[in-house]
Amino acid sequence: MKTKKIVLIWDFDGPIGQVNSTLPYNFHFEQFEKEINNVRWLLEFLKEEKIKCCFAITGFSAEIGVYPYTFPELIQEIAANGHEVASHSWKHEWIPLFTEDQINKSLKRSKKALEQSIAKEGFVTGFVPPHNRPMTWWQKGAFSLGDRGLFPFFTMGNMEALLQLLVKNKYQWVRISYKNLFTKFRLTKKNITGRIYNHKGIFVLENHYNGFDDQVIQHILTTNYETYTVSAHPFMLSLANKKESKETFLNFIAKLKHSGQSIEFISPSDYISSINVIK
């Protein structure tokens, strides 16, 4: 049996992301350090288990500033531990509602800030859109009213526009979520952890699974796909009885580790590099 490759991505929002992604005025300062402490715990645990993954981080968090609002030293530590650092935008923008110029600046500045924090130019090559938006991709037959900024009235409300900006800013991969009509009406079988493929010069990590519950464990152990993309938020490790809780995560790792199957955790960039070597 071939080795199953798991691409694990943590959406590390940071304070700016927490403020911009929670319900209006639902503010709790203590959650900032709770998320950071969870990341520190993760780094130790991942080191013990020899697991490499990817942290998608808001660029604002890498800027020079005041802890815990910014934490460039922690980002440097993440990279020093061998994990990939990807952009999660600059301030966790809801992409469909912003102009093309604004998103272009977000992609550019977040990449620059993250790379400066780890002193590695060209290191940040991946992008994880905040809120998984846009979910509309006209060219693929996917449309989502939840984007709020609806294409064609909002240019960035279409995935194709985002992909073009990513290529322009020298990103190599992006994690996205969308459902075309065939998937929505269950006319085609869905791989819950998605697939990875090249689309016009950028690798797309399509339709990842969020969380570590038994459904994704059984999916990994009973299927034989090339890759399995799984994502979670560090802050959610603190919440009990959730798909992303610490207990669920530890169970996920333990069951895969003791499954008797050949399983490897690999970062998106390392996987893409392995494909290019084979070619």
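In the predicted model, Ser231 forms part of strand β9, which covers residues 227-232. Ser231 has a relative accessible area of 1% and is therefore classed as buried, since the cut-off for that class is under 20%. Beyond the residues up to four places away in sequence, Ser231 touches Ile9, Asp11, Arg175, His208, Tyr209, Asn210 and Gly211.

The chain as a whole contains nine helices and 10 strands. Its radius of gyration is 18 Å, close to the 19 Å given by the globule rule for 279 residues, so the chain is as compact as a globular protein of that length. Taken along the principal axes, the C-alpha atoms fill a box of roughly 50 × 45 × 40 Å. Of the 279 residues, 54% are buried. Contacts between residues at least 6 apart in sequence were also examined, and 74% of these join residues at least 24 apart. The exposed surface of the chain amounts to about 13,500 Å², of which carbon and sulfur atoms supply 54%. Charged side chains number 34 positive and 27 negative, and the centres of the two sets are 6 Å apart.

The interior includes a largest nonpolar core of 61 residues, within which Trp10, Phe55 and Phe249 have the most contacts. Another core lies apart from it and consists of 14 residues, including Val7, Ile9, Leu205 and Ile275. With residues up to four places away in sequence left out, Trp10 touches Leu42, Cys53, Cys54, Phe55, Ala56, Phe212, Ala232, His233, Pro234, Leu237 and Phe249. Two of these partners, Phe55 and Phe249, are themselves named with Trp10 among the residues with the most contacts inside the largest core. Ile9, a member of the core of 14 residues, is also one of the residues touched by Ser231.

Three residues in helices illustrate how positions distant in sequence are brought together. Leu162 is found in helix α5, which spans residues 159-168. Its relative accessible area is 0%, and Leu162 is therefore buried, as this value is under 20%. Outside its neighbours within four places in sequence, Leu162 is in contact with Ile95, Ile103, Leu107, Phe127, Pro129, Pro134 and Met156. Of these partners, Ile95 stands 67 residues away along the chain, and the C-alpha atoms of Leu162 and Ile95 are separated by 8.6 Å.

Ile75 belongs to helix α3 and, at 0% relative accessibility, is likewise counted as buried. Apart from residues up to four places away in sequence, Ile75 touches Ile57, Ser61, Ala62, Val85, Leu114, Ser117 and Ile118. Ile75 and Ile118 are separated by 43 residues in sequence, while the distance from C-alpha to C-alpha is 6.8 Å.

Ile253 occurs in helix α8, residues 246-257, and is buried with a relative accessible area of 4%. When residues up to four places away in sequence are excluded, Ile253 touches Phe45, Glu49, Ile51 and Phe265. Ile51 is 202 residues from Ile253 in sequence, yet the two C-alpha atoms are 9.8 Å apart in space.

Several features of the backbone were found in loops. The peptide bond from Tyr67 to Pro68 is cis, with omega near 5°; Pro68 is placed in the loop between β2 (54-57) and α3 (72-80). A cis peptide bond also joins Phe151 and Pro152, where omega is about 10°, and Pro152 is situated in the loop between β4 (126-127) and α5.

A positive phi of about 55° is present at Lys200, although Lys200 is not a glycine. Lys200 lies in the loop between β6 (195-199) and β7 (202-206). Its relative accessible area of 63% is over 50%, so Lys200 is classed as exposed. Asn207, again not a glycine, has a positive phi of about 55° and is located in the loop between β7 and β8 (209-210). In contrast to Lys200, which is exposed, Asn207 is buried, with a relative accessible area of 15%.

Terms used. Residues are numbered from 1 along each chain as its sequence is written. This is a predicted model: local features need pLDDT of at least 70, side-chain atom pairs count only at pLDDT 80 or more; totals for chains, interfaces and linings use all residues. Side-chain values use heavy atoms; hydrogens and water are left out. Helices (H or I, at least four residues) and strands (E, at least two) are DSSP runs, numbered from the N terminus. Buried means under 20% relative accessible area, exposed over 50%, partly exposed in between (1.4 Å probe, protein chains only). Contact means heavy atoms within 4.5 Å. The radius of gyration is taken over C-alpha atoms; the globule rule is 2.2 Å times the number of residues to the power 0.38. Accessible areas come from the Shrake-Rupley method with a 1.4 Å probe; for residues, only the protein chains shown count as cover. Lys and Arg count as positive and Asp and Glu as negative; His and the chain ends are not counted. The place of a charge is taken as NZ of Lys, CZ of Arg, CG of Asp or CD of Glu. A nonpolar core is a set of buried Ala, Val, Leu, Ile, Met, Phe, Trp, Tyr and Cys residues joined through side-chain atoms within 4.5 Å.
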